[in-house]
Amino acid sequence: MKFYSTKNRSKPVDFKTALLRGLAEDGGLYMPSEWPKATRVHKVGKVHQVLKEFIDIPEKELEKICSEAFNFEVPLVKLDKNLHILELFHGPTLSFKDFGARFMARAMNYYLRKSGEKFNIIVATSGDTGSAVADGFYGLSNIKVFVLYPSKRISALQEKQIATLGKNIIALEVAGDFDDCQRLAKQALGDPELRKKINLSSANSINIGRLLPQMYYYFLAGEKMKKPIFVVPSGNFGNLTAGLFTKKLGLPVKKFIAGINVNSGIPEFLKSGYLAERHTSLKLRRASKTKMTYSSAMDVSSPSNWARVIDLYKNSPELLKKDLEAITISESETKKTITEIYKKFGYVADPHTAVGIAAAMTRHSTITRNSDPYVVLATAHPAKFPEIVESAIGKKIGLPQALAGLVKKKKQSVVIGKNYKELRKILDSNH
Ligand SMILES: *Cc1c(COP(=O)(O)O)cnc(C)c1O
């Protein structure tokens, strides 16, 4: 299958090109050019049969990649009548980003092994992306990963997840904030001189190679639930876009609800009647600073995957509103939800998942026998955010094994300043 750019449909590329480029050359995002019906393959362990429609990797190889990438459980926990939690945090770095990162690493490795090329990945992170990408690519001989993270601005555990691996994972601790990291990564990706010398790509959620595999768990849940309402805690809308893809492929879904925090401009998009950014007050919002919230991985005002959502719904707010609602959850509601869900069901939710649960509750304050089944996607393990969770439930929570072992490991980061020259020197000498 070919993938076109949301900015220009006329020059579609194959999956390998889209995967290795990340962003299209014209700055657009890659979209699948066809939507083959996938009605017979909503079977556990059969996701490769959906992905093979999009990805030109031989079926046997693709099956192997999927079984290695998705080698952890995805429990569907019933909290109450018609309120279910799909736990996506049982991968090695305890967030749903493991699905996309682990698949993407293996797919890249497949193509590069065949061609013998060497590749470099650069990724700026405020936490979960960096750890998932570092872990997913760890140990691959033909790919080096440079992870830029803001010094002292990510949690100690997240830093350990990124900076204790070594080998092909280079942890760059930037004396600055997340925006500095992102700017540096963009500068490197847009440096023509550097790109002449080395193969360089990014691994953020605009990469179609991270998005497609995330359809996996929607199909899993769709197998178990009849026409669910999926509630997705959202920031850059990568997770939700993967869900919309499954509906397009024929998965019966009643509705998607984006649970968002106070930073998101999506309700304004949906209300405005125009989907394109230039028509909304979003430009203003983008200029104002994003606030730090409990659900830090969703502190995004203008989601990077929105161009895909608009493209999928042919720029029609009417069509989009049939499938998508967005509900904003305040900080106090988020914390209150963690407390209440614990009291009522004994369930410990992380702050991102709590935004999703609160959105489900808001939309349907009494989830009764006759109502539709809600499936809230749990995007991170509560142990990744101990301060807020422990304060909300009034109790200590233990570290899962995956994190407990990390505490003793020593970090090995390279400290760099905000100046691009420093990064450039490292890229020049390390690739
Ligand atoms: C990244 C992240 C999100 C947001 O996902 P998007 O695909 O960017 O919408 C939500 N929760 C957690 C825990 C995350 O790490």
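Strand 1 (residues 2-5) and strand 3 run antiparallel in this predicted model, and 3 bridges join the two. One of those pairings puts Phe3 across from Pro32, its bridge partner in strand 3. Zoom out a little and you get an open sheet of 3 strands, ordered 2-1-3, with antiparallel pairing. Strand 2 (8-14) and strand 3 (30-32) each have a single partner strand, so one side of each is left without a neighbour in the sheet. On average, neighbouring strands here are turned by 40° against each other, ignoring direction. As a reminder, strands of a sheet pair through backbone hydrogen bonds, either parallel or antiparallel.

Just before strand 3 there's a loop coming from helix 1 (15-21), and Glu25 lies in it. Is Glu25 buried or exposed? Its relative accessible area is 69%, so Glu25 counts as exposed. Between Glu25 and Lys7 there are 9.8 Å, C-alpha to C-alpha, with the two 18 residues apart along the chain.

**Around the ligand**

Now for the ligand. There are 15 residues around the ligand, and Lys97, Asp128, Gly235, Asn236 and Thr379 come nearest. By type, the shell splits into 6 nonpolar, 7 polar and 2 charged residues. Oxygen atoms of the ligand have these polar partners:

| Protein residue | Atom on the protein side | Distance to a ligand oxygen |
|---|---|---|
| Asp128 | polar side-chain atom | 2.6 Å |
| Gly235 | polar backbone atom | 2.8 Å |
| Asn239 | backbone N or O atom | 2.9 Å |

How much of the ligand does the protein bury? On its own the ligand exposes 390 Å², and the protein buries 97% of that.

Two of those table entries lead on to helices. Asp128 belongs to helix 5, which covers residues 128-137 and also holds Ser131. A polar atom of the Ser131 side chain lies 3.1 Å from the backbone oxygen of Asp128. So Asp128 has its side chain 2.6 Å from a ligand oxygen, while its backbone oxygen has Ser131 as a polar neighbour. Ser131 itself counts as buried because its relative accessibility is 0%. In general, an α-helix has 3.6 residues a turn, so residues three or four places apart point the same way.

Asn239 takes us to helix 11 (residues 238-248), which is mostly covered, with 9 of its 11 residues buried. Those buried residues are Gly238, Asn239, Leu240, Thr241, Ala242, Gly243, Leu244, Phe245 and Thr246. After helix 11 comes Gly250, with a positive phi near 110°.

**A covered strand**

Strand 6 (residues 119-124) is also mostly covered: 6 of its 6 residues are buried. Which residues point which way from strand 6? Phe119, Ile121 and Val123 go one way, Asn120, Ile122 and Ala124 go the other, and all are buried. That fits the usual rule that in a regular strand the side chains alternate between the two faces of the sheet. Strand 6 is joined to strand 7 (residues 143-150) by 6 bridges, and the two run parallel. Within that pair, Val123 stands opposite Val147 of strand 7.

**Loops and odd backbone angles**

A couple of residues have a positive phi without being glycine. Leu94 is one of them, at about 65°, and Asn315 is another, at about 60°. Leu94 sits in the loop between strand 5 (83-87) and helix 4 (97-115), whereas Asn315 sits in the loop between helix 14 (306-312) and helix 15 (317-323). Their surroundings tell them apart: Leu94 counts as buried at 5% relative accessibility, while Asn315 is partly exposed at 45%.

**Two more spots to look at**

Ser202 is in strand 9 (residues 200-202). With a relative accessibility of 9%, Ser202 counts as buried. Its side chain makes a polar contact of 3.5 Å with the side chain of Asn204.

Towards the other end of the numbering, Leu423 is found in helix 20 (residues 420-430). Leu423 is buried, with a relative accessible area of 0%. How far apart are Leu423 and Tyr4 in space? The C-alpha atoms of Leu423 and Tyr4 are 32 Å apart, with their positions 419 residues apart in sequence.

How values were computed: Residues are numbered from 1 along each chain as its sequence is written. This is a predicted model: local features need pLDDT of at least 70, side-chain atom pairs count only at pLDDT 80 or more; totals for chains, interfaces and linings use all residues. Side-chain values use heavy atoms; hydrogens and water are left out. A residue is near a molecule or strand if one of its heavy atoms lies within 4 Å of it. A polar contact is a pair of N or O atoms within 3.5 Å; within protein, one must be able to donate a hydrogen and the other to accept it, and residues adjacent in sequence count only if both atoms are side-chain atoms. Accessible areas come from the Shrake-Rupley method with a 1.4 Å probe; for residues, only the protein chains shown count as cover. Ala, Val, Leu, Ile, Met, Phe, Trp, Tyr, Cys and Pro count as nonpolar, Asp, Glu, Lys and Arg as charged, and the others, Gly among them, as polar. Two strands pair if DSSP finds at least two bridges between them. Helices (H or I, at least four residues) and strands (E, at least two) are DSSP runs, numbered from the N terminus. Axes are lines fitted to C-alpha atoms, for helices over the stretch in contact, and angles run from 0 to 180 degrees between N-to-C directions. Buried means under 20% relative accessible area, exposed over 50%, partly exposed in between (1.4 Å probe, protein chains only).
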